[in-house]
Structures are given as structure tokens and as C-alpha cells.
Amino acid sequence: MQQAAKHLPKEFIPVTSSIRRIECSKAWSQLASREQLYAYYLSRAAWEGSKICYFQRSYEAPALFVLLQLVFSSKLESLKVRVLGAGLLEQQWRQMLAYSAAVFQNCGNYKSFGDTKFVPELDAEAFKTIVRASENYEMHKEVMDSILEQIEREVFTEDEPFARIGFRDENNGTTSYYSSGVTSAEAKMVDEWCQSLSISPLNTRLFKLTATEYELRIASQLSDPSATPYLKTYEKGGKKLHVRGADFADVMSTVVAALRKAKEHAGNDNQRNMAQAYVEHFRYGDVDQHKESQRHWIKDVGPVVESNIGFIETYLDPLGARAEFEGFVAVVDKETSAQFNTLVEEAEGLIEKLPWAKDFEKAKFSKPDFTNLDIVAFACSGTPIGINIPNYDDIRMDFGFKNVNLGNAYPVPTAATTQFLSQSDVDLNCRYTKESLTLIVALHELLGHGTGKLLTKDVETGELNFPQDLKNPFTGEEIKTYYLSTETWSQKFGKLHSGYEECRADSVALFLMQYDEPFHIFFPDRQSEWDDIHYAGWLGILTSSVKGLQYYNPEVKVWGQAHVLASWAILQAVREGDPSVIQIEFCEKDGRDYFFLHVDRSKLRTTAFKALSEFLCKLHTYKAMGDFDAAKAFFDHYSQVDDEMLRVRDIVLAWKLPRGLELQPNLFLDHATHEVVYKDYEDSFEGVIRSHVERFPDSFQADVWGEWVKDAKALRYD
Ligand code: ZN
């Protein structure tokens, strides 16, 4: 007798996944009690706002959040007893924990790193048994059953279009920034329309109402045209666009309340003005108010408690126009920050070394604040290791920006997690990852994202911010492409911009590691180790590009992750310049296909550096000129994957290690003493789940549920 084929998921969260703790207790304990209260209220605003991230990820993610919050908000130990009593195996329970921890950490069931779907390893029947064994099931039976019914297909299927994030007509994916009927062409059409109306898409979603009518929804507590004048209906060419506020009104109102409390505990006027501008922004939805908050934020130099909140990064939107909600709170690490500031002081000397002509660089480098922080709360779908914000081009040009290094979010490699390198490279990589990453992040953020001029024409005065006779250095012809003052670089480059910009920043970092100056600042007494750290920096970028092949989809020839594509293009540029720098040795390990990546260390400072310089010069100059066509052809060329590398990709996938899950602490307010309590959790799936569930005191998340029910139909794909 034959057994029916068992459902074997391809992409799940293995029960062997490791946990990466973000530890901040020491820095936290050094804060004064006013600073702790300020941090507490900011973190409340951030976490409450992060509920929006679920809505930005997929149709089913918010409902999954409501469901898992209900399932796990009673004691895990007693739930486990009930689950095993219902006939499930210990292994299935572990699979449910791994899946749920990952959903909480990624704000949904698509990986924030790579935007691909993951499904439960346990089957749907076992999943439902656990849901129905939970204590809350009796009281919330109706809601929980209704969720199961409405999202089962999306949670369990890995078939297209439910496998990745994207436009259905572009890469056969799904996206919840748009109602399910919106095509990529329509999204683009509305985006251009909004540009012409000066309406920012950052904090919006787009719904298609009829064949000719669209609704642009702006995240805000209120919909008040007297405060936000662009809330009205526009008509053009037989099409209508209704711009309306009050998207996520309930969540926004909680965020606003928390920010008002934060303002009461602010340490200076910059912080108070910033909090007030945030309140205005989240209350009425006007992005100009968010820009205002960023002006005050930039002026708040070197604060003890650092934070930022809003609709910030546009990686997740397939159009690259709408931003994901994000909020973080961190405590400054004074010692390392001093080194970062020395780098800022010496930045101008380093900029002169960069391989592009002076006309393509800003006349004056505005010195940003650059601090090393320990994260207490990073409320979004994943924690980066460095940030350079704001992303508003005009604010950056006129007021500058800030850099932060998130020191306690760095990954810690071990021999077991370092793959495809020879033993001596494994040892060196483990020994120097922290040092080389510190340097790369510092250079990437400060001199990578921090440099570069956009050749711009003022639409009002017609004035150019570059010499009229400036020539395109590659063709010798007059410059015909440039930015209009109403245009941002991300709008002009669209989907290309994020991988392109990360690549520019990484290339700058590797380029500047060629010189001693950064080493003098960060490791003054360790001169004998500098070359090893330099080598570890190159190894880091080259191995992550090869391992990053898992985020490349050969069928549609699309890279799923901006930072991975960035290092891939660098590897390709170096291979093209001198094929002997990087060698792939195919072999067998434990009876399975394997490969070693060999890097000819002696050539990194010669031919590899030369190839990198030429690559970086073009990459940068095309961006500065706003020459989208040349930039796209150039970057697409280096994004290609040849047959040898497709073979490498297969091996990378076969040896793939589970990506660790993040664990963050919580802050609670003791209402009796008015003191803030810092709470850590155990390094386990249970710890991750507890930390998330305790962040939101109500086991039933009525605001998320209410919001989800309203639009579920419009967002669901056939
Ligand atoms: Zn970056």
C-alpha cells in the first residue's frame, strides 16, 4: 500500500535556527531616570507603530499577528501540555514555535531579508490543533476560526504568486502596499501623478476602486483637509485619484499619545521640537512635518538617548516609493563614538582620495553626527547594523544627516557558521569580523551614503548647480541628463536605486580601506594587524556576495535583496578586471558537492583595487549625472549570474544555514514607582515569542483586527 505524499515545505524556519540576542542592559543602567522615561515612551511609539509593518508585508500578515498573539499570550508551558495532550509531537510544537517566533521577528511571513515567503514546517492540521488548544480559543473562537479560514491558503502555499513580494505582472509576486488589482504600470502612473502634485508616497498605500478610480491612503490619526490641504480628489485624463487620510488611524493615535509623553521627558529643545513635529506628522499625515522632525533631529547632536521614527526605507515596496514603518531607540556608547567622530573630522581628506572628479562631489561636506549606539528597541521587520538617515535629498543637502552604528546588533561568526573558505581564512574571518565590520560600516555610512552630488536644475530659476560646460567624463559630450529640483534620486532611479546605492556605499568602504588613515583612527596600537583586518574586510564582502546567491532568482533573473546585490556587483567587477583574483574550487565535502572560494590576497591592493576604482567611478558619476539609462545598462551588466556561479548557487542553497532570529529586550513602566524596568528574555524561540507578546499587553489586538477586516477583500489575490 502506498502512502500519500507528505507535504514537504521548501522554505520553513528550521528548529535548529539560532537566536541572536540584542543586549543593552549595561548601557541602559547608566541612564538617568528622566532619560529612561524618554526612551520608554519613544519605544512605545515605535513598537505600536510597528504593527503597520505587518500590513505592509502581506495580506495575511496582520491576521497572523492577531492569531499568534492570541495563541501565545497565556503561559507557554501550559499550552505545550495541552498541545501534547491533543496528540501532537514535541517536534511539531517546536516547529510551531520556530515559525511563530519568525513571524513576530519579520513582522509577517515573508523574510525581511530577501522578501521571500516562509511557511510552517508542521502541516495545517497540526497548526490548527495548536491554535484550538490555546486558552484564548474559548473566548475568541469566532475571530480565530475566521482567521484560520481566511488565511490558510496564504500561510501554507508556496506556489506563485504567494512565494515572494512583488507585482504580479512583474515577478509573479504579491504586495500589500497595493490592493490586489493594481498593476505595476498603474502604480507607476499614480506615482508620477503624485509627483506632479507634490504628494509624497512614503506613508501611503494605493487602492484601486474601479477601472478608472484610485484611492491613495495616507497614514494618519485624522483626515483633516484643513491641516493637510492635499486631501482631495484629483482628475486627469478620465481618471480619478482620491487622496484620503486616516489610514491606520487607531495605531497612529496610540503612536501620537506615546510621542506626547516622550516630549514631556525630552532633554532639550531639539528633542521637544522633534517630538512635536512627529506628533503633527502622525496626526495629520503631512510628510513635510516629518521633514521638520528630521531637521530638529539632525540638530540634536550626540544625544544620550537616540531615536528615529517614521516611514523611512523603501526597500519593501516593489516600486521603491513607499516606505516601511520603522522606529528605534538606542543608548549611546561614548567610547566608540569618539573614534567615529574622529573619522568625521578627517572625512574631507578621505573624500579627496575617492576616484571621481571634483565636479561630481558636493562643494562642502556637511559633517554629520556619527555615534555608536546600543539598541534597546528596533521596531521594524529586522535590525540593521548601521543607519544613515534621513533619506530626504533636500534635507541632506541643506541640513546634513546623521550616521549611527548599531554596535550591539552585529552578527558574531563562528567556525561552524563560516562556510566555503579555507581553514586559515575561516580563522582570520572569525578573529577580525568585528574590526573589519566596524570599519566597513563606518566608511559605508559616512563616506559611502554621505558623499555625492546630484547635478540639479532648479525648476523655478532654471539655475544649474554645476558648470554649464561640464562634460560627461566617459563620452566627452555635454551633460544632458540631470535632476530637476522637484525630483529625488530614488524616484528617478526607481527600483534600481536601492541595490545601486548600497553598492556605491560598499565600494567606497572597500576603496578607502586601501589607505592607512581609517586604521590609524580605529586601531592605532595594532598596526601589525591592519593588513589582516583589510583582508577580512574584502573576504566579508566577497563571501557575502557568493552566499547571497541564495537571494537571486534565476527564473526571473531578479535579486531579492539590495545589500546582497551590492556585494555581488563588486565581485563581478573585480572578476572582470582580473579573473585571477577570485577562484572557485569545486569539490566534495561529506559526500556532497561543495566549493571553496579562494581569494588571491596579494592582488587585492593592486589589480582588484584598480578594478574597484574604475567601477566605483562610473557607478558614482552616472548617479550624479542622473543618467538612468547608462546607469541601468552598467549595473545590470554586473548583476548577471553566469553558469559557473549558478552552480555555486545550487551548492550555497544545499548548504544553507538557518538565519538567526533576533531577540530584543522590553521596557516596562512600573506605575507605582514611575520607574522604567528593563527586561531580558532567554535565548530561545520561547524567549522571542514571550518578548513580542509581552510588548503588547492586550491579548486581542483589536486595532490590528479592525484594520485588517476592513480591507481584507481588496488586498487578497485570486
Ligand atoms: Zn547602506
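This briefing walks through a zinc site, a sheet with its packed helices, a helix pair and one leucine. The model is predicted, so please read each point with that in mind. A good place to start is the zinc ion, whose protein donors are two histidines and a glutamate, His 444, His 449 and Glu 502. From there, the tour moves to an open sheet of five strands, and then to helices α21 and α22, whose axes cross at roughly 105°.

**The zinc site**
- The zinc ion has His 444 and His 449 as donors through their NE2 atoms, and Glu 502 through OE, with the donors lying 2.1 Å from the ion.
- Along the sequence, these donor residues follow the spacing H-x4-H-x52-E.
- Both His 444 and His 449 are buried.

**The five-stranded sheet**
- Reading across this open sheet, the strand order is β6-β7-β8-β10-β9, and the pairing is mixed.
- At the edges sit β6 (305–313) and β9 (386–389), each of which pairs on one side only.
- From one strand to the next, the twist averages 35°.
- Strand β9 runs antiparallel to β10 (residues 402–406), and four bridges join the two.
- Within this pairing, Asn 388 has Asn 403 of β10 as its bridge partner.

**Helices packed on the sheet**
- Helix α14 (residues 334–345) packs on the sheet and touches β7 (324–332), β8 (369–379) and β10. The direction of α14 makes about 135° with that of β8.
- Helix α17 (residues 423–449) also packs on the sheet, where it touches β8, β9 and β10. The direction of α17 makes about 15° with that of β9.

**A crossing pair of helices**
- Helix α21 (residues 530–547) and helix α22 (residues 562–577) have axes that come within 8 Å of each other and cross at roughly 105°.
- Because of that angle, α21 counts as roughly perpendicular to α22.
- On the α21 side, the contact is made by Trp 538, Ile 541, Leu 542, Ser 544, Ser 545 and Val 546. On the α22 side, the residues are Ser 567, Trp 568, Ile 570, Leu 571 and Val 574.
- Sorted by class, this contact has eight nonpolar residues, three polar ones and no charged ones.

**A look at Leu 197**
- Leu 197 belongs to helix α10 (residues 184–197).
- Its relative accessibility is 27%, so Leu 197 counts as partly exposed.
- Leu 197 and Leu 84 are 113 residues apart along the chain, and their C-alpha atoms are separated by 59 Å.

Key: Residues numbered from 1 in each chain as written. Predicted model: local features only at pLDDT ≥ 70, side-chain atom pairs only at ≥ 80, totals over all residues. Heavy atoms only, no water. Donors = N, O, S within 2.8 Å, 3.2 Å for Na, K, Ca; no water. Buried < 20%, exposed > 50% of the residue type's maximum accessible area, 1.4 Å probe, protein only. Pairing = 2+ DSSP bridges. Axes fitted to C-alpha atoms, helices over the stretch in contact; angles between N-to-C directions. Contact = heavy atoms within 4.5 Å. Parallel < 35°, antiparallel > 145°, perpendicular 65-115°, else oblique. Nonpolar A, V, L, I, M, F, W, Y, C, P; charged D, E, K, R; others polar.
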